[in-house]
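Reader: Please present the structure, and for each term applied to it, set the value beside the criterion.

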Amino acid sequence: MLEIKNLHVGLEEEDKQILKGVNLTVETGKVHAIMGPNGSGKSTLSYVLSGKDGYEVTDGSAELEGVDILDMEPEERAAAGLFLAFQYPVEIPGVGNMTFLRTAVNAQRKARGEEELSAAEFLKVVREKAKSLKIDADMLKRPVNVGFSGGEKKRNEILQMAMLEPKMCILDETDSGLDVDAMKLVAEGVNALRDAGRSFLVITHYQRLLDHIKPDVVHIMADGKIVKTGGPELALEVENNGYADILAEVA
Amino acid sequence: MAALDDVQVKEGVDQETVDAVQSVGGKYKYGFETDIEIEYAPKGLNEDIVRLISEKNKEPEWMLEWRLAAYRRWLQMEEPDWAMVDYPEIDFQDQYYYARPKSMAEKPKSLDDVDPKLLETYAKLGIPLKEQALLAGVEAPEGDRRVAVDAVFDSVSVGTTFKDELAKAGVIFCSISEAIQDHPELVKKYLGSVVPQSDNYYATLNSAVFSDGSFVYIPEGTKCPMELSTYFRINAENTGQFERTLIIAEKGAYVSYLEGCTAPQRDIAQLHAAVVELVLLEDAEIKYSTVQNWFPGDEEGKGGIYNFVTKRADCRGDRSKVMWTQVETGSAVTWKYPSCILRGDDSQGEFYSIAIANNMQQADTGTKMIHLGKNTKSRIVSKGISAGKAQNTYRGLVSMHPKAQNARNYTQCDSLLIGDKCGAHTVPYIEVKNNSARVEHEATTSKVDDEQLFYCRQRGMDEEEAVALVVNGFCKDVLQALPMEFAMEAQALVAISLEGSVG
């Protein structure tokens, strides 16, 4: 599904390398987790993959289903099936959540040459999906993320994911700012979307999210590289001993 | 006949060319020109021109005198220069002050007699000049609201729809030139009573040379049975459009009035100096909505309409209420301050505005709320959007007079910048002459945020769609104040006006 080879990325504005040769393959239908200390380059990886401005790829490649995505516009990557659940979902005052969702869904359908969803069809689907995420009608009407609590924002991200039905989902620190109950709800939402045709890359600092979203593969990232890869037990090791031991071991 | 055929062939060719040009590079949808024979008054401005306009409109002597007084006054006035707009000096002698399609020399008796080319023009602009529902003898289906239209083409009114049906309700809706002939007592009483002849340079010029416009009279206790609208179209070259609108709402009357404007795409700037007067007696209510989409000039700032407009409502009666809503997307230069004189006790004035300036456009617009009566209330919501190299200024006055006990005003002024070469300016004037008055002013300036755009694009929208969405969100408070049909149009217009503003 996603194949990253020797990816080197620096900041556009200043002379600073952040990713220093990332190699990563996420197979179709699998859930991979990336863990790592602050500043290791986890979020940068998610931004570079989704096409945010401000980064410069100096070497390497990233392919989604065999197609190089690094030269694509962000919306083209989205239409190709890449989705990023933001660590800090953005507020858009005055734009209703529903309007936003519908514009996004139809923009992607249009880009893929599919017919746009009618208002009625759309409403039916969105209500169904919102219900399972405990998102009420009021939240659908309110402006995008404005005045939402941390938990509401993250649930809203998952709702967008459910509506857009991407192939490759990147979750950037989706657990940050969530209490246990909210995290469970979000994890349930994600688990409901797990599917043989859909892959996940779950970026997290802590192991606790992985109790709820069980990964197939866990990677440890440090100083812009994947330094260790293992099964779910690797996350537990981090939980018990912290990153220091692992980093010392690979150094 | 042969000659006529030639003309028709040529017209066909022209139209194709125009369409082709539009589909290739034209972003301004209404930039086409109607190929029609036009009768001009001689170029320039003097007393004879004023006399000629009056004569063309078959006006009584008192009207001519009124015009001449305005003209003489205008000669002694100077063009104002306090607004934040910069444009080459206007040569007032290098303009035509009167242009009318030849086919309109004899006023058509009904819409059926109007030159098909003119009807075609309006059809192309999406303005229905046919009373289809009425002609078919059936009631319009529910939800399909009918709108009566007065269509003004260059200097003359082409026709007014639903006149008879409105007359049944006692509503007078006609061109101002007809009103001067048919309802002189009303015109004499109210014309210039809100915007005096001597008010300002452009209003005085308008008083001297206005050629047509709309007239509305809503009798006591009457709710106008449909929305009224005027559609202004400038077609002739080097011609100024000077229209005059007068709306009178008697005690307890209500009307919602819409105004739309477009002009062909030309590289020489054209002048538009209009005056709108609204008179509200006790408990009357007027909603006045404008979607202004004059040609804005090209990307280098060549051409476009200079829009110098004086609009004012006089809430004479107690508890009267006026609401101005404007969406200003066009014009090279906009100079416009729809105002409310809150004279009656408990009267209310509201002003909702979206002003978009892209490329080289300049807008200096806002409102004046003059609180004279007790417990008067006003509300101002202004959304200015600047893109390209445009300059956008909000200029507003809130004045609380000594007798305006417990008067209140709330002002919210938001500016949005797209890119880093444009400017937004807010110039609020506040005068408070009594201690019981309350004035609140909030102002914000923000940039279209890269994070917001990236968020939208990650969800699949392209950059322009993303900007349009964010900007429409920014304007929501104002868009909501527009009548439904207008709101949809305005929303689309916001997106079109900002095309090419990012990237």
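Author: Between chain B and chain A there are 13 residue pairs in polar contact, both residues being at pLDDT 80 or more. The model is a predicted one, in which local features need pLDDT of at least 70, side-chain atom pairs count only at pLDDT 80 or more, and totals for chains, interfaces and linings use all residues. Residues are numbered from 1 along each chain as its sequence is written, chains are lettered from A and ligands numbered from 1 in the order in which they are written, and side-chain values use heavy atoms, with hydrogens and water left out.

Reader: What makes a pair a polar contact?

Author: A polar contact is a pair of N or O atoms within 3.5 Å; within protein, one must be able to donate a hydrogen and the other to accept it, and residues adjacent in sequence count only if both atoms are side-chain atoms.

Reader: Which element gives the most to the side of chain B that touches chain A?

Author: Helix 10 of chain B does, with seven residues. Helices (H or I, at least four residues) and strands (E, at least two) are DSSP runs, numbered from the N terminus.

Reader: Why is the pair A:Glu157 and B:Arg459 called a salt bridge?

Author: A salt bridge requires a side-chain nitrogen of Lys or Arg within 4 Å of a carboxyl oxygen of Asp or Glu. The side chains of A:Glu157 and B:Arg459 meet at 2.6 Å, N to O, and therefore qualify. Across the interface of chain B and chain A, the rule finds four salt bridges.

Reader: Why is A:Phe148 called buried or exposed?

Author: Buried means under 20% relative accessible area, exposed over 50%, and partly exposed in between (1.4 Å probe, protein chains only). A:Phe148 has a relative accessible area of 7%, so A:Phe148 is buried. A:Phe148 is found in the loop between strand 8 (143-144) and helix 6 (150-164) of chain A. Leaving aside neighbours within four places in sequence, A:Phe148 is in contact (heavy atoms within 4.5 Å) with residues including A:Asn97, A:Met139 and A:Lys153.

Reader: Which residues are buried in helix 2 of chain B, and how do you know that they are on the same side?

Author: In helix 2 (residues 47-56) of chain B, the buried residues are B:Ile49, B:Val50, B:Ile53 and B:Ser54. They cover an arc (of the directions from the helix axis to the C-beta atoms) of only 140 degrees around the axis, which puts them on the same side of helix 2 of chain B. On the other side of this helix, B:Asp48 and B:Glu55 are exposed.
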